[in-house]
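I have a new structure open and want to get my bearings. These are my notes as I go.

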Amino acid sequence: MPTTPRRVDAPPPRTGNSEVETLRGFLDYLRTSIAAKVDGAPEPQVRTAAVPSGTNLLGLLAHLTAVERAIFLGENITDWQATFRASPTDSVAEVVARYQEVVERANEVLDGCADLGASVPRSRPGHPAPSVRWALAHMIEETGRHAGHADILRELIDGATGR
């Protein structure tokens with residue numbers, strides 16, 4: 001396995017004191033971490049399964065893009081398993097850019113949410129929107145979980161560690 005210089009770990013963010021500043025600060029920290037973990041990963045290893053479940057680094061970011069779209073933008077995802085696969089025609093840079101664009105759109109939605117107890121303002125008939133607090137907590141959990149997977153997969157690919 002080739003070795004890549006270790007990146008310096010970024011400490012947890014110093015956020016404001018409010019609940020929303022803390023939740024959004026940690027979510028953005030994790031979003032940045034996983035995008036950086038995928039960005040620059042070599043082909044074809046970035047989309048090659050390194051574990052028996054078939055999980056691959058690029059697929060994790062494609063999945064998180066779908067989760068952000070579902071939670072904050074109201075998109076209806078009918079096949080969650082399919083979200084773990086990036087299109088073979090998409091480059092790493094395209095998948096990272098798509099994730100960052102969805103995060104930006106999700107943050108625009110969140111910028112309009114002053115009340116954490118209110119529902120996420122999304123349109124999805126037949127599916128009540130969760131509270132902003134629940135959506136943020138879920139995205140922190142989901143992104144953190146997959147960022148941990150990404151840490152291991154990236155190290156297996158080229159030895160890169162750190163955030």
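My entries below go through a few helices, how they pack, and one residue I picked out.

**Entry 1: what I'm looking at.** I remind myself that this is a predicted model.

**Entry 2: helix α1.** I started with α1, which covers residues 19-38. I checked its length: at 1.5 Å a residue, its 20 residues should span 28 Å, and the end C-alpha atoms are 29 Å apart, so the two agree. Just after α1 comes Gly40, with a positive phi near 85°.

**Entry 3: what α1 hides.** Which residues of α1 are buried? I noted a good number, among them Leu23, Leu27, Leu30, Ile34 and Val38. Arg24, Arg31 and Lys37 are buried too. The buried residues of α1 pack against α2 (57-73), α3 (92-111) and α4 (132-158).

**Entry 4: α1 with α2.** I looked up the angle between these two and got about 150°, with the axes 9 Å apart. Angles over 145 degrees count as roughly antiparallel, so α1 and α2 are roughly antiparallel to each other. The crossing is left-handed. On the α1 side I see Leu27, Arg31, Ile34, Lys37 and Val38, and they meet Leu57, Leu58, Leu61, Leu64, Glu68 and Phe72 of α2. By class that contact has eight nonpolar, no polar and three charged residues.

**Entry 5: α1 with α4.** At what angle do α1 and α4 pack? I found about 25°, with the axes 9 Å apart. Under 35 degrees counts as roughly parallel, so that is what I call α1 and α4. This crossing is left-handed. The contact includes Leu23, Leu27, Leu30 and Ile34 from α1, and Leu136, Met139, Ile140 and Ala147 from α4. I sorted the contact of α1 with α4 by class: 12 nonpolar, three polar and seven charged residues.

**Entry 6: helix α4 itself.** I ran the length check here as well. The 27 residues of α4 should span 39 Å at 1.5 Å a residue, and its end C-alpha atoms are 38 Å apart, so this agrees. Gly159 follows α4, and its phi is positive, near 85°.

**Entry 7: Arg98.** I ended on a single residue, Arg98, which is found in α3. Is Arg98 buried, exposed or partly exposed? Its relative accessible area is 35%, so I put Arg98 down as partly exposed. Setting aside neighbours within four places in sequence, I find Arg98 in contact with Thr65 and Asp90. I also looked at Leu61: Arg98 and Leu61 are 37 residues apart in sequence, and their C-alpha atoms are 9.4 Å apart in space.

How values were computed:
Residues are numbered from 1 along each chain as its sequence is written. This is a predicted model: local features need pLDDT of at least 70, side-chain atom pairs count only at pLDDT 80 or more; totals for chains, interfaces and linings use all residues. Side-chain values use heavy atoms; hydrogens and water are left out. Helices (H or I, at least four residues) and strands (E, at least two) are DSSP runs, numbered from the N terminus. The expected span of a helix is 1.5 Å times one less than its number of residues. Buried means under 20% relative accessible area, exposed over 50%, partly exposed in between (1.4 Å probe, protein chains only). Contact means heavy atoms within 4.5 Å. Axes are lines fitted to C-alpha atoms, for helices over the stretch in contact, and angles run from 0 to 180 degrees between N-to-C directions. Angles under 35 degrees count as roughly parallel, over 145 as roughly antiparallel, 65 to 115 as roughly perpendicular and the rest as oblique. A crossing is left-handed if the near helix is turned anticlockwise from the far one by less than a right angle, and right-handed if clockwise. Ala, Val, Leu, Ile, Met, Phe, Trp, Tyr, Cys and Pro count as nonpolar, Asp, Glu, Lys and Arg as charged, and the others, Gly among them, as polar.
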